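This report is meant to be read with the sequence and the three-dimensional view side by side. It goes from the overall build to the metal sites, the sheet and a few backbone details.

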Amino acid sequence: MLAMDYRGPYRVRAEQKPMPEILHPEDAIVRVTRSCICGSDLHLYHGMVPDTRIGMTFGHEFTGIVVEVGSEVRNLAVGDHVIVPFNIACGKCHFCQQGLFGNCHESNSQATAVGGIFGYSHTAGGYDGGQAEYVRVPYADVGPTKIPAGMDLDDAVLLTDVVPTGYQAAEMGGIQRGDTVVVFGAGPVGIMAARCAWLFGAGRVIVIDHLEYRLDFARQYGPAEVYNFRSIEDPVYFLKKITDSLGADVCIDAVGGDAAGSALHTLLGTKLKLEAGAATALHWAINSVKKGGIVSIVGVYGPTGNLVPIGNVVNKGITIRANQASVKRLLPRLIEHVQAGRINPKALITHKVPLEEVSDAYHIFSAKLDGCIKPVLVPSSINVA
Amino acid sequence: MSPEALAAQQRIDPTQVVGWGVDADPANNPTYPMRDISKDSKGGLDWPRPALQPETVEVLRSTEHNRRTAVFGTSTPPSGVSGALRRQAFKSSEGKWSHWLILLAADRINVVEGVAADLLAGRVPNIPAEMGIKSEVAHNMPGLIRKVAVTGAVLTLAYALVRSRQGDGRRHPAPPTPR
Ligand SMILES: [Zn+2]
Ligand SMILES: [Zn+2]
C-alpha cells in the first residue's frame, strides 16, 4: 500500500509499505478515505519532536472504511464509515473513565506524559498514522465513531482533531456570557477556537496572528476582530489598550512551539532547542489575560521546558488549563453543532491533494504557500467527492 | 489609528452570531470535566486491563511506567547507532533533559542512517522532490531563486576560503554544507 514516509527534517515522500495487520483483538484495519496534515505534524516535519524515527508514517486526522476487525470488536463492522479520533484510548483505565481520552494510560509505553496518538513519533506511542491507504486502529470499539448519514467526508475528517481541539480550547477557557476572549494563532485550530468561543457566550472574540490571509479568513469565519502583531508591534500593550487596561478574561494559545514574533524565543526554542519550542504565544497570553483570568493552552510544545513569566501567573492569579482534546467525549455534541449548521468545518479546507504528492502538500503547508489553511490528502483509490 | 479606534471598527455584535450562547454553562468554570471522584480508581492500577498485545518488536518503555501498556505501536523499532542511543535515553526518566536531548541526537543520526539505507538499496533519494521543490517552483519562485542564490554564494565563499588556506600550506577539512 502507499503511505507517507518520513525521511528527515523537511523531507517526506510517498512510499510502498506492507499492509497493516491486526495485532490485538480490539484492533481494526481501516481503509483511509481522507487524511489531513495538521499544524502539529509540522512540529514533526521540522524535526522538533524527540524520537521521530526515519520511516514512520504520520497522520492523526483521518476518516476511513473498516475493512477488517479483531475478535473482540463489537461496535464496528466491516464496511462502516468512521471518524477516527486522533487519541488512542482504551476506555477502561483511570483516565479514560474520567473522560480524559487524550490521556489514556494503556496506549503509550514510551511516555507517561502523553497518551497514544496516531502517527505522532514514538514519544506518542510509535503508531503508524493515517497518511496512508490503510491504517491499524487499536481499541476500535472506543474511539472510532460512525459517520452520520448525510455528513460530508470533508466535515467528518475535521472532527478528528481540528474541531474538537478548537472547541475544547474554548471550553477550557471557562468562557462566561460577555467575556472577552483572545485567540493567539489563526491556524485551523485557532480559527475554530474563535468560532466556538461564541457558542459559550463570548461577548468579544479577538484573533492575533501575522499572516494576513489567515487573519482575513478568521475575520469572516469566526467572525472575529483580527490584528496582525507585526503592525500592532506589542500585542500585550495593544490588548491592554483595547480592554480598558484590564486585559482579556480568557486567552487561548493555539500556536505552540512553532511561534513567530519574538527573536529571543525563536532563537532559544526553534533554533537552539534550549526551549521546548518558541513559547511566544503563551508568553503573550499570560501577560494579556486579566488578573484572575484563564489561559487555555492547546498549542503543542515539547517535553522539556519553556521560558515563560510564571511569576506573573502567580501574581495575577491566573488559572492555566490545557490538554490534548478528548475527542471521543466531545464528538456527540460537535456532530450536533455541524448538523445544526453552527460549525462548518469543511470551509477550512483549502487544498485537496493526492497522497502521491505528499512531499508538496507538506511543503505548501509548512511554507504557508498558496493561501494554505488546511490540506487534506486523499488516496487516489478513493473518489474525491 | 489608535488601538481603541481600530478596535471600534472591528467590534462584532454577539447576538448576530449564529449559535451565540447555546453552550454557555456556569458549571464550566474552571475545571470541568477533570476528576469525577466517584470514578476514581480505588487503588492505583486497578482497572480491568485490555488484553495484552504480544510483543513482536522491540518496544522501549518509559521508566515512569510500572508495566508495558496493553497496546503499542510497531512502527520503526530501534535499530543501528540511533537505536543504541535511544535505548540509552530510555534508561533515564521523562523528567531528565538528557532523556529528550539524547533522543533528538538519535533522530539526527537516524537521518544519515536513512540516506545510507536508501543508497544500500540502490536508490539515490531525490531530496529536492522530498522537500517539495515542485510546489516551491509553482508557488514561490522568487523565494526559491533567493535560496539558491544564497546557498550558491555561501558555497562559493566556503570554497574560496578552503582554497586560500590550502595555499598557506595548512590542511583544513571542508566546512559542512549548509542546509
Ligand atoms: Zn492534528
Ligand atoms: Zn485508557
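## Overall build of chain A

In this predicted model, chain A has 13 helices and 17 strands. Its radius of gyration is 20 Å, close to the 21 Å that the globule rule gives for 385 residues, so chain A is as compact as a globular protein of that length. Taken along the principal axes, the C-alpha atoms of chain A fill a box of roughly 60 × 40 × 40 Å.

Buried residues account for 69% of the 385 residues in chain A. When contacts in chain A between residues at least 6 apart in sequence are considered, 72% of them join residues that are at least 24 apart.

## The zinc ion of ligand 1

The protein donors of the zinc ion (ligand 1) are C38(A) through SG, H60(A) through NE2, E61(A) through OE and D161(A) through OD, and they lie 1.9 to 2.2 Å from the ion. The angles among these four donor atoms run from 93 to 136°, and the site is irregular; an upper limit of 135 degrees applies to a tetrahedral site, and therefore the angle of 136° rules that class out.

Along the sequence, the donor residues of the zinc ion (ligand 1) are spaced C-x21-H-E-x99-D. H60(A) belongs to the loop between α1 (39–45) and β4 (62–69) of chain A, whereas D161(A) belongs to the loop between α3 (153–158) and α4 (162–172) of chain A, so this pair ties together parts that are 101 residues apart in sequence. H60(A) is buried, with a relative accessible area of 1%, and D161(A), at 5% relative accessibility, counts as buried too.

## The zinc ion of ligand 2

The zinc ion (ligand 2) has four cysteines as its protein donors, namely C90(A), C93(A), C96(A) and C104(A), each through SG and lying 2.3 to 2.4 Å from the ion. The site is tetrahedral, with angles of 101 to 117° among the four donor atoms, and the donors follow the spacing C-x2-C-x2-C-x7-C along the chain.

Two of these donors can be described by their accessibility: C93(A) counts as buried at 0% relative accessibility, and C96(A) counts as buried at 4%.

## The six-stranded parallel sheet

Chain A contains an open sheet of six strands in the order β12-β11-β10-β13-β14-β15, with parallel pairing. The edges are formed by β12 (225–228) and β15 (319–322) of chain A, each of which has a single partner strand, so one side of each is left without a neighbour in the sheet. On average, neighbouring strands of this sheet are turned by 20° against each other, direction ignored.

Within the sheet, strand β10 (residues 180–184) and strand β13 (residues 248–253) of chain A run parallel and are joined by four bridges; the bridge partner of V183(A) in β13(A) is I252(A). Helix α5 (residues 188–199) of chain A packs on the sheet, where it touches β10, β11 (204–209) and β13 of chain A, and its direction makes about 170° with that of β11(A). From the other chain, helix α1 (residues 3–10) of chain B lies across β11 and β12 of chain A and runs at about 140° to β12(A).

## V183(A) and its surroundings

V183(A) lies in strand β10 of chain A and is buried, with a relative accessible area of 0%. Leaving aside neighbours within four places in sequence, V183(A) is in contact with G190(A), A193(A), A194(A), I206(A), V207(A), I208(A), I252(A) and A254(A). V183(A) and A169(A), which are 14 residues apart in sequence, are 9.3 Å apart from C-alpha to C-alpha.

## Backbone details in loops

A cis peptide bond, with omega of about -15°, joins G222(A) and P223(A), and P223(A) is placed in the loop between α6 (212–221) and β12 of chain A.

Positive phi values occur at D244(A), at about 55° although this residue is not a glycine, and at T76(B), at about 40° although it is likewise not a glycine. D244(A) is found in the loop between α8 (235–241) and β13 of chain A and is exposed, with a relative accessible area of 69%. T76(B) is found in the loop between α1 and α2 (80–89) of chain B and is buried, with a relative accessible area of 18%.

Notes:
Residues numbered from 1 in each chain as written. Chains lettered and ligands numbered in written order. Predicted model: local features only at pLDDT ≥ 70, side-chain atom pairs only at ≥ 80, totals over all residues. Heavy atoms only, no water. Pairing = 2+ DSSP bridges. Helix = DSSP H or I, 4+ residues; strand = E, 2+ residues; numbered from the N terminus. Axes fitted to C-alpha atoms, helices over the stretch in contact; angles between N-to-C directions. Contact = heavy atoms within 4.5 Å. Donors = N, O, S within 2.8 Å, 3.2 Å for Na, K, Ca; no water. Tetrahedral: all angles 85-135°; square planar, octahedral: opposite > 155°, others 65-115°. Buried < 20%, exposed > 50% of the residue type's maximum accessible area, 1.4 Å probe, protein only. Rg over C-alpha atoms; globule rule 2.2 N^0.38 Å.
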